[in-house]
Number of protein chains: 2
Amino acid sequence: MKTAKGGLVLKSLKEQVYDYLRQQFQKHRLQPGETINMEATAGKLGVSKTPLRDALIQLEMEGFVTISPRRGIFVNPLPLAEIREFYQVIGALESSALIESFPSLGPAGIRKMDGLNRRMQKAIDAGDFDLFYEKNLLFHDAFVAACGNGNLTRIVGNLKKRLYDFPRKRQWIKEWEQSSIREHQEIVDFLAAGDPQSAAIFLRDVHWSFKVQEKFIRKYYGDAKA
Amino acid sequence: MKTAKGGLVLKSLKEQVYDYLRQQFQKHRLQPGETINMEATAGKLGVSKTPLRDALIQLEMEGFVTISPRRGIFVNPLPLAEIREFYQVIGALESSALIESFPSLGPAGIRKMDGLNRRMQKAIDAGDFDLFYEKNLLFHDAFVAACGNGNLTRIVGNLKKRLYDFPRKRQWIKEWEQSSIREHQEIVDFLAAGDPQSAAIFLRDVHWSFKVQEKFIRKYYGDAKA
DNA sequence: GGCAAATAACTGATATATCAGATATCAGAA
DNA sequence: TTCTGATATCTGATATATCAGTTATTTGCC
């Protein structure tokens with residue numbers, strides 16, 4: 001329950017619990033296979049089990065946990081096979097979004113993407129992974145948002161939540177980040193040349209190709225077992 | 001909670017409530033904008049508000065309802081704009097699934113799709129819309145399932161739930177059904193000719209093109225307002 | 001010692017009571 | 001008559017108690 005009172009936005013307990021748990025994922029405090037104990041967690045958060053359960057149902061729908069009735073609530077692993085699936089889905093959807101957004105992106109939008117990619121390079125040069133990550137998200141968001149398809153944005157966003165919040169072996173791989181920047185530049189170049197189809201195909205078949213990115217993925221997530 | 005006891009599969013109350021509500025949608029007993037009253041519904045179903053709320057949280061995540069805190073729970077409309085969004089997403093994902101599944105489909109899989117399409121024609125000839133609908137789902141499921149991407153299947157499936165459970169103006173439009181069958185045949189022909197790329201493009205840009213299908217969509221769903 | 005049945009403990013699922021925000025209605029003042 | 005504040009009602013959100021399936025441990029028999 002979000003209420004605005006004099007500029008304050010009040011969140012329901014359910015939402016606050018959800019945010020807390022999401023943070024736990026982002027901080028890698030919840031590991032695959034781990035159980036979330038209702039009594040203990042509710043006690044720790046100082047709320048009843050009810051909003052906790054509400055939040056967990058949402059997290060289950062989003063793929064983060066599995067509620068195994070009367071047995072326990074388990075943090076889902078993220079096996080390579082599933083990462084492969086995510087890559088396929090995101091590739092197909094972002095590719096579609098890029099084509100759809102091209103008319104409304106225009107030169108200004110392409111310049112914006114180009115600028116974001118350059119800032120990604122600067123972040124790498126400065127060793128600032130958080131900034132790199134932020135600009136990377138914004139690069140993709142530029143055309144996904146411009147596509148104007150809220151459902152597509154939601155679906156892609158949720159898969160990315162799973163990809164990025166999952167505990168990983170390494171914080172970053174410079175080679176991968178450099179490679180991403182080169183790929184982004186390729187996409188921008190296609191767009192600037194007025195060829196969204198080639199940009200979309202490159203985005204789908206290279207940038208979001210599990211096969212192409214596999215060597216980095218394995219380093220980054222480790223060879224996670226299901 | 002699904003438990004198997006001596007072959008019986010027992011469902012939790014939450015699941016049963018969810019199934020009931022889904023049925024209500026399928027039977028068009030729940031209309032856009034309508035409210036679902038917790039006390040009344042729980043009383044009617046003979047359960048407490050808890051499993052009802054659990055089910056509603058899931059339905060909200062799936063887009064069927066909006067839980068407006070402390071105000072009410074509203075059945076979501078399905079405006080044409082959203083249908084358009086769904087068409088784009090499904091088109092992109094099914095297209096991707098078709099390419100991915102082609103190697104494992106093989107001649108047998110293509111024949112199966114062909115057979116399903118012929119049965120769709122027979123259903124039309126016999127005026128049996130339920131059978132048509134069933135074979136239509138199976139036609140698409142054939143390559144979506146063969147793609148082996150559970151997440152893609154789940155995402156597409158959920159969007160189709162929304163499309164097919166939504167109340168509509170007309171039960172069926174023979175012209176659209178005939179058109180679908182022709183389009184399916186086109187896809188099958190491309191596949192049989194060993195050209196999944198053309199099949200995928202046709203699937204995405206014709207079969208799942210909102211623009212191409214718009215005249216039927218408007219007749220079928222009515223000109224629903226948001 | 002091994003196995004099966006009984007019992008205890010654990011844990012999530014559900015029911016009920018209470019709370020709390022939103023909305024409608026009423027009463028009083030201008 | 002209109003407006004504002006107070007009160008009542010409605011409805012979902014949350015807390016607490018209890019239930020019920022699952023798992024672990026104990027007990028008794030062979």
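Four exercises on a predicted protein–DNA model follow, each with a worked solution.

Residues are numbered from 1 along each chain as its sequence is written, with chains lettered from A and ligands numbered from 1 in the order in which they are written. Local features need pLDDT of at least 70, side-chain atom pairs count only at pLDDT 80 or more, totals for chains, interfaces and linings use all residues, and side-chain values use heavy atoms, with hydrogens and water left out.

**Exercise 1. The surface near DNA strand D**

Find which residues come nearest to DNA strand D, and which element supplies the largest share of the surface.

Step 1. Apply the cut-off: a residue is near a strand if one of its heavy atoms lies within 4 Å of it. There are 22 residues around DNA strand D, and L13(A), S48(A), T50(A), R70(A) and R53(B) come nearest. Sugar and phosphate make up 79% of the strand D atoms within 4 Å of the protein.

Step 2. Assign elements. Helices (H or I, at least four residues) and strands (E, at least two) are DSSP runs, numbered from the N terminus. The largest share, three residues, comes from α3(A).

Step 3. Sort by class. The surface near strand D has nine nonpolar, six polar and seven charged residues. Ala, Val, Leu, Ile, Met, Phe, Trp, Tyr, Cys and Pro count as nonpolar; Asp, Glu, Lys and Arg as charged; the others, Gly among them, as polar.

**Exercise 2. Polar contacts to both strands**

List some N or O pairs within 3.5 Å between protein and DNA.

Step 1. Take strand D. A backbone N or O atom of L13(A) lies 2.6 Å from a phosphate oxygen. For I36(B), a backbone N or O atom lies 3.0 Å from a phosphate oxygen. R70(B) places a polar side-chain atom 3.0 Å from a base nitrogen.

Step 2. Take strand C. A side-chain N or O atom of S48(B) is 2.5 Å from a phosphate oxygen. A side-chain N or O atom of R70(B) is 3.1 Å from a sugar or linking oxygen.

**Exercise 3. Relating the chains**

Identify the operation that lays chain B on chain A.

Step 1. Superpose by least squares on the C-alpha atoms of residues with pLDDT of at least 70 in both copies. The RMSD is 0.1 Å, for a turn of 180° and a shift of 0.0 Å along the axis.

Step 2. Name the relation: a two-fold axis. In chain B, the C-alpha of A92(B) is nearest the axis, 2.8 Å from it.

**Exercise 4. Placing D130(B)**

Decide whether D130(B) is buried or exposed.

Step 1. Locate D130(B): helix α5 (residues 129-147) of chain B.

Step 2. Read its relative accessible area, 54%. Exposed means over 50%, buried under 20%, partly exposed in between (1.4 Å probe, protein chains only). D130(B) is therefore exposed.

Methods:
Polar contact = N/O pair within 3.5 Å; in protein donor to acceptor, adjacent residues only side chain to side chain.
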